[in-house]
Amino acid sequence: MHRYIWLVPLLPLAGAAINGLLGRKFRFSEKLISSIAVGSIALAFLITFAAVYSYAFSSNAMWPQTYVTSQDGAFNFTWIPGGAVRITQGANWSAFETTAEEAVTKAGARAPDQRNQSIVTPGVTHGGSALLNVEWSYQLDALSSIFMLIVTGVGLCIFVFATGYMHGDTGFYRFFAYMGLFMFSMLVLVMGSNFLMMFVGWEGVGLCSYLLIGYYFDRQEAANASRKAFITNRIGDFGFALAIFGVIATFGTSQYTDVFGQAASYPLERLGHWGLLSWIALGLFIGACGKSAQLPLHVWLPDAMAGPTPVSALIHAATMVTAGLYMVTRTNVIFQHSQTMMMVVALVGAATALFAATIGITQNDIKKVLAYSTVSQLGFMFMACGVGAFVIGIFHVMTHAFFKALMFLGAGSVIHGMHHEQDMRRMGNLRKYMPYTYLTFLAGWLAICGIIPFSGFWSKDEILWNAASTRYIPVGWIVWIVGTIAATCTAFYMTRLVAMTFWGKEKFLNGHDHTVEHEVHNHDHDTLEHHTPIPHESPASMWVPLAVLAVLATVGGFVGISTAFTGGKHIGGRMNIVNFMDPIIWNPATHYFGKEEMVDSYGKPLEVIERRAALTTQALPVESPAPYGSEGFNLAHAAEAKLGSETATEWLFILISLLVAGTGIGLGFLFYVKDTRLPDIWAARLKPLYQASYNKYWVDEFFGWAVTRRVMDLARGVFAFDSKVIDGGVNGSAWLTRLSSRITGGTDQYFVDGVVNAIAAFVARLMSPLFRAAQTGFAQNYALVMVLGLVAAVALFFGADIARAVKSIFALGL
Amino acid sequence: MQFLLFNFLSPALGLLFQTASNGRIATAWEKAQHPDLSKFLIIGSLLFIIGVAGVLTRRNIIVIFMSIELILNAANLNFIAMSRYLQDTGNVNAVAGQIFAVFVIVVAAAEAAIGLGIVIALYRNKETIWVDEIDILKW
């Protein structure tokens with residue numbers, strides 16, 4: 001079945017095309033549009049499910065090998081045929097010149113129908129030159145399996161929800177066309193088999209994000225937010241594009257399997273050493289920062305909440321913003337080669353996690369809180385990647401997709417039920433009116449807070465444990481402390497959100513006005529109910545997806561159950577996400593892929609596999625060497641030295657993480673349920689901190705001052721230069737031309753014409769009587785002149801002869 | 001007049017009526033067989049001069065036509081004389097002169113026809129055939 005994965009991105013595209021191109025023209029009904037959109041996604045999900053099963057779990061599973069559709073010809077399209085493009089790396093160019101010349105000549109000499117066959121094995125001339133052959137084919141391995149399942153599965157829930165949420169909207173067909181296009185782009189992003197396909201998907205999701213944030217384009221803030229998102233993402237894309245160029249220049253190919261196979265044998269670049277791969281990793285990380293809203297490029301994500309809530313759930317919580325994580329994990333070989341970049345990733349992630357979590361505490365817009373929560377959780381994921389636990393990062397992506405999509409959809413349901421009220425200060429006690437939403441939301445709340453056994457606990461606890469016990473970077477303990485504080489804040493603001501929304505007094509009854517209206521769109525249903533301030537439960541099409549996601553958010557974490565609970569082993573075989581994803585994670589200590597099980601996923605030569613098979617038979621060393629040599633201060637090791645056993649240490653950290661979650665929830669309960677005066681008191685007491693958090697640390701203002709204003713000043717300056725200097729020059733030359741033309745014109749008029757006129761006047765005055773007199777009009781006069789002329793001519797030529805003849809006649813003496 | 005006749009024209013007349021050295025008839029016969037070219041040329045030039053003078057001096061357009069005919073005939077006479085002269089020298093192209101003369105006659109006839117047509121048109125419009133009353137060539 002995995003031969004048919006090319007259908008997966010195609011189905012949403014087809015659905016989007018039908019809805020988008022025909023929906024308006026033929027006035028599709030909402031039911032038809034919904035069934036096309038949901039049907040295409042559901043089919044894609046089914047195919048994905050079958051493909052992943054057949055790839056990883058069936059009797060003849062390919063796992064852990066990587067499956068690329070061009071391998072067995074299931075789907076292959078030469079997207080950018082090589083031959084004309086020559087990739088070089090300057091340093092070694094001269095040494096490989098002959099080879100490259102030959103290769104290019106050979107490629108040019110091929111028959112047209114064979115051009116797409118690669119004669120140069122991509123990457124064999126690494127460091128020198130090669131022909132760039134980019135194919136459009138899909139790759140199925142552990143990482144893309146998980147992402148495909150998340151994208152289509154969570155996407156399906158959100159699509160179903162959106163059919164209820166967007167009911168009555170005039171742009172129904174447009175919404176689902178954009179959403180389908182987004183699904184297509186996202187699937188291309190995660191399924192592509194090379195960097196360029198990832199880039200296509202990357203830009204595609206960026207475009208769809210822009211379109212969907214600006215879905216209510218008639219509202220200024222939505223239009224501004226969409227542009228802000230687009231422009232901020234361009235900054236990241238710039239780094240990403242540079243990194244792709246770096247990859248192509250270094251490895252001579254953009255195919256993952258080739259690039260990573262080569263990169264595995266590159267030397268490690270330790271802390272402070274900025275080698276080739278560090279620079280590539282930096283470019284990639286800048287791209288990831290833009291897409292995944294990390295500091296300092298996070299500013300677009302909270303504003304992106306101007307889009308419809310399903311969009312926020314799908315794009316800005318569950319899938320698109322995790323594209324950065326996908327990319328970092330996909331290129332973990334490159335990142336792990338650079339200890340510096342690992343540290344940068346970890347620290348940026350930690351900083352973002354704490355930063356966004358503290359902002360989330362004071363926001364009043366329910367979607368803004370969730371948005372900052374998303375930024376914070378993305379920070380957690382990058383934290384995990386930075387400390388070397390890429391699998392845990394992806395695990396958190398998965399659990400986060402479940403509970404954050406759930407909470408966003410729950411928020412959407414609340415907003416829907418509250419008639420487009422987003423301010424939490426006007427809610428309260430909604431559990432009475434929206435029981436399903438409330439119950440499902442509770443699951444999401446417990447999950448994100450990290451309460452055992454909800455899914456968020458497993459992933460977040462693993463992240464913190466890996467941060468504390470990391471041997472990749474020397475600052476793991478800082479990351480752990482920051483992460484723990486951020487986790488406390490997370491529990492606190494999420495409890496606050498739940499308390500303000502679902503518990504407490506009903507605040508919507510008094511003073512409900514329409515001054516703060518968000519997402520105003522045409523609801524032509526339930527006009528009577530619409531005007532009553534009483535909230536109502538959402539229809540089944542909205543709470544059923546919530547229920548599905550709630551179940552996933554509750555039990556989804558068991559695929560990555562902590563080793564402390566299972567006797568220090570990752571149980572469950574391939575069903576355990578750690579084992580499942582192991583083959584694609586490079587191990588810097590051994591320079592091979594895979595850590596727990598000795599597997600190979602990037603087409604190594606056979607002897608390497610055999611060598612590694614030999615390695616497996618040996619007992620794993622109890623204490624493997626640190627990947628980059630020295631490891632600095634290690635919190636977990638320090639604790640282990642005191643406690644004496646690794647399992648005890650792990651339990652200690654689990655208890656700490658549960659404790660901080662409990663503290664956060666307890667504080668939230670205290671502040672927003674027990675004594676509702678406390679928030680104001682503490683806000684007054686910690687006024688500077690409160691103000692900073694409430695105003696989002698003035699990052700927007702800072703960017704406005706430091707970037708936007710400077711750019712505007714620059715633009716103004718350039719405009720002034722243009723209008724004064726350039727235009728001045730142009731106008732000056734025009735003036736000069738006018739002046740010189742006036743001079744030459746005068747000369748012409750008065751001098752040249754004067755001379756001509758003078759001559760003409762002279763002729764007219766003096767000569768004309770003469771000539772006029774000659775023209776008598778009598779034919780005989782003309783004839784006379786002719787005869788005279790004849791006589792003159794004869795006289796001229798024969799005058800002497802005639803004179804002589806006459807003289808001789810007279811001389812005869814007659 | 002006397003001066004003109006005897007002092008100026010007499011060499012020409014003398015040239016025209018040269019005295020023969022042999023017997024008169026034989027000489028005349030021989031002269032008829034082998035005419036002296038210069039006599040014809042002189043007569044031709046006189047004809048030409050008379051024609052030109054007529055064209056330049058006469059007012060009646062008909063007479064001018066007749067003078068033009070004289071000019072043409074002067075040319076014809078030259079052609080014929082030269083042809084005959086060349087025949088005597090044995091030149092094979094001698095007949096060309098006669099053919100030219102025929103052509104000239106044809107052209108003269110055509111010219112006369114057209115010319116007289118013009119004269120008639122002119123007379124109908126201007127009511128005159130006196131050339132000194134016709135100065136429309138000026139315009």
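Two residues count as in contact when their C-beta atoms, placed from the backbone, lie within 7 Å. Keep that in mind as we walk through this structure, which is a predicted model.

Let's start with chain A. Among its contacts between residues at least 6 apart in sequence, 80% join residues at least 24 apart. Chain A has 814 residues, and 49% of them count as buried. As for its building blocks, you'll find 29 helices and eight strands.

Now pick out one of those helices, α21 of chain A, which covers residues 540-555. How far apart should the ends of its 16 residues be, at 1.5 Å a residue? The expected span is 22 Å, and the end C-alpha atoms of α21 are 22 Å apart, so the two values agree. Quite a few residues in this helix are buried, including A:Met542, A:Trp543, A:Pro545 and A:Leu546. Further along α21(A), A:Leu549, A:Ala550, A:Leu552, A:Ala553 and A:Thr554 are buried too. Here's a handy bit of background: an α-helix has 3.6 residues a turn, so residues three or four places apart point the same way. And what do the buried residues of α21(A) pack against? Their partners are four helices of chain A: α4 (142-165), α16 (390-417), α17 (435-449) and α18 (455-469).

Not everything worth a look sits in a helix. Find A:Asn133, in the loop between β4 (129-131) and β5 (134-136) of chain A. Is A:Asn133 buried or exposed? The cut-off for buried is 20 or more other C-beta atoms within 10 Å. A:Asn133 has 25 of them within 10 Å, so this loop residue is buried. You can also look from A:Asn133 across to A:Thr257: these two are 124 residues apart along the chain, and their C-alpha atoms are separated by 14 Å.

Next, turn to chain B. Its pattern along the sequence is simply α-α-α-α-α-α, with six helices and zero strands. Chain B has 139 residues, of which 12% count as buried. Take its contacts between residues at least 6 apart in sequence, and 49% of these join residues at least 24 apart.

Finally, where do the two chains meet? In this model, 12 residues of chain B are in contact with 13 residues of chain A. On the chain B side, the elements giving two or more residues are α2 (10-16) and α4 (37-57). If you sort the chain B residues that touch chain A by type, you get seven nonpolar, two polar and three charged.

Conventions:
Residues numbered from 1 in each chain as written. Chains lettered and ligands numbered in written order. Predicted model: local features only at pLDDT ≥ 70, side-chain atom pairs only at ≥ 80, totals over all residues. Expected span 1.5 Å × (residues − 1). Nonpolar A, V, L, I, M, F, W, Y, C, P; charged D, E, K, R; others polar.
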